[in-house]
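Here is a set of questions and answers for a reader who is meeting this structure for the first time. Please look over the sequence and the model before reading on.

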Amino acid sequence: MGFPDTRFNVNLSILFTELALLERPAAARAAGFTAVELWWPWVDAPVPERSELAALRAALEDAGTRLVGLNFYAGRLPGPDRGALSIPGEESERFRANVPVAVEFARSLGCTSFNALYGNRVEGVSGEEQDRLALENLAFAARAVAEVEGTLLIEALNAPESPACPIVSAPRAIEVVDAVNAATGLDNARFLMDLYHLSMNGEDLEEVIDRYTGKTAHVQIADNPGRGAPGTGQLDFDALLTRLAKAGYDGFIGLEYKPGDAPSADAFTWLPADRRAAK
């Protein structure tokens with residue numbers, strides 16, 4: 001695998017997790033990567049102490065790593081939650097409280113891509129009510145992101161691992177993208193194409209790439225089965241990433257896979273060292 005024209009970034013919320021959060025940027029840089037992304041790091045604190053934000057900012061800057069993607073608060077992730085913005089009550093309020101904090105933190109690091117995970121269906125609330133709340137919160141986030149000329153990302157998860165999440169196909173995610181753009185008129189919502197999740201759903205990845213690359217602003221990869229590094233499963237990433245490039249995608253490819261039993265630093269043998277630094 002060569003990938004000479006592909007820009008990769010490492011997700012520090014699934015790789016290098018054997019290290020403390022503030023040690024991960026330097027570890028990624030030591031492995032050759034200059035771009036990283038993160039799930040919201042403080043699962044119990046949508047509004048953390050300023051000192052915690054400052055410490056993470058310093059760790060990223062000191063390591064020479066660029067933050068290129070950040071999730072809004074999404075509940076317990078990893079864990080049983082799949083987002084917060086569609087869940088009435090406290091979780092929705094926590095999401096809204098997090099939005100300006102996350103936007104300002106990312107802005108201070110030059111990051112303008114924000115992933116807003118939808119949330120599971122919950123008992124006692126109709127799907128229609130949750131979807132109305134979700135659209136309100138996504139529009140709120142899209143307007144906040146627009147203030148930093150940013151992009152709001154909508155991701156499809158996979159039904160086998162997230163059976164209570166209603167956004168589990170590329171077409172459904174695109175419907176949400178279009179609804180947010182129609183509601184705000186800002187046209188800053190885009191699809192996050194996670195090839196692992198879509199593969200787990202049994203979707204035709206070539207068709208997804210051909211149909212939806214024009215509405216895609218970020219791509220994430222992991223092999224299937226197993227959610228491991230490319231080459232540990234059955235997906236042909238040479239062909240898939242080449243197809244993405246031919247379809248016009250020139251953004252980052254987020255490495256969002258499990259490192260296996262070995263240290264994370266050993267999980268990149270599939271990618272030549274001179275291809276890891278973002279161009």
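In the classes used below, Ala, Val, Leu, Ile, Met, Phe, Trp, Tyr, Cys and Pro count as nonpolar, Asp, Glu, Lys and Arg as charged, and the others, Gly among them, as polar. The model discussed here is a predicted one.

Q: How many charged residues does the lining of the largest cavity have?
A: The largest cavity has a volume of about 70 Å³. It is lined by 14 residues, and those closest to its centre are Glu 37, Gly 69, Leu 70, Asn 71 and Gln 220. Sorted by class, this lining has six nonpolar and seven polar residues, which leaves the charged class with one.

Q: Which strand gives the most to the lining of the largest cavity?
A: Strand E2 (35–38), strand E3 (66–71), strand E4 (113–115) and strand E7 each supply at least two residues of that lining. With four residues, the one that gives the most is E3.

Q: Which residues line the second largest cavity?
A: By the rule applied here, the count comes to two cavities of 30 Å³ or more, and the second largest holds about 30 Å³ of space. Its lining has six nonpolar residues, one polar residue and no charged residues. The residues in question are Trp 39, Trp 40, Val 43, Tyr 73, Ala 74, Gly 75 and Leu 77.

Q: What is the volume of the largest pocket?
A: The largest pocket is lined by 19 residues, of which Trp 39, Leu 77, Arg 82, His 197 and Arg 227 lie nearest its centre. By class, this lining has six nonpolar, seven polar and six charged residues. The volume of the largest pocket is about 330 Å³.

Q: How many of the residues of strand E7 are buried?
A: A residue counts as buried when its relative accessible area is under 20%. Strand E7, which covers residues 216–221, is mostly covered by this standard, and of its six residues the number buried is five.

Q: Which residue stands opposite Gln 220?
A: Strand E7 pairs in the parallel sense with strand E6 (residues 189–194) over four bridges, and in that pairing Met 193 stands opposite Val 219. E7 is also joined by three bridges to strand E8 (residues 252–255), and these two run parallel. In E8, the residue that stands opposite Gln 220 is Gly 254.

Q: What is the handedness of the β-α-β unit that E7, helix H8 and E8 make?
A: Strands E7 and E8 run parallel, with three bridges between them. Together with helix H8, which covers residues 237–246, they make a β-α-β unit that is right-handed.

Q: Which helix gives the largest share of the largest nonpolar core?
A: In soluble globular proteins, nonpolar side chains tend to be buried together. Here the largest nonpolar core has 86 residues, and those with the most contacts inside it are Phe 72, Phe 191, Met 193, Leu 255, Phe 268 and Trp 270. The largest share of this core, seven residues, comes from the helix spanning residues 90–108, namely H3.

Q: Where does the proline of the cis peptide bond from Asn 224 lie?
A: One cis peptide bond runs from Leu 77 to Pro 78, with omega near 5°, and Pro 78 has its place in the loop between E3 and H3. Another cis peptide bond joins Asn 224 and Pro 225, with omega about 5°. Pro 225 lies in the loop between E7 and H8.

Q: Is Arg 227 buried or exposed?
A: Arg 227 is found in the loop between E7 and H8, and it has a positive phi of about 55° although it is not a glycine. A relative accessible area under 20% is needed to count as buried. Because its relative accessibility is 13%, Arg 227 counts as buried.

Q: How is Asp 187 classed at 47% relative accessibility?
A: Asp 187 lies in the loop between helix H5 (170–184) and E6, and its phi is near 55°, a positive value in a residue other than glycine. The cut-offs are under 20% for buried and over 50% for exposed, with partly exposed in between. At 47% relative accessibility, Asp 187 therefore counts as partly exposed.

How values were computed
Residues numbered from 1 in each chain as written. Predicted model: local features only at pLDDT ≥ 70, side-chain atom pairs only at ≥ 80, totals over all residues. Heavy atoms only, no water. Buried < 20%, exposed > 50% of the residue type's maximum accessible area, 1.4 Å probe, protein only. Pairing = 2+ DSSP bridges. Right-handed = clockwise from strand over helix to strand, strands pointing away. Core = buried A, V, L, I, M, F, W, Y, C linked by side-chain atoms within 4.5 Å. 1 Å grid on protein atoms, 1.4 Å probe; cavity = no way out; pocket = protein on both sides within 12 Å on 5 of 7 lines; lining within 4 Å. Points joined across faces, edges and corners; volume = space filled by probe spheres on them.
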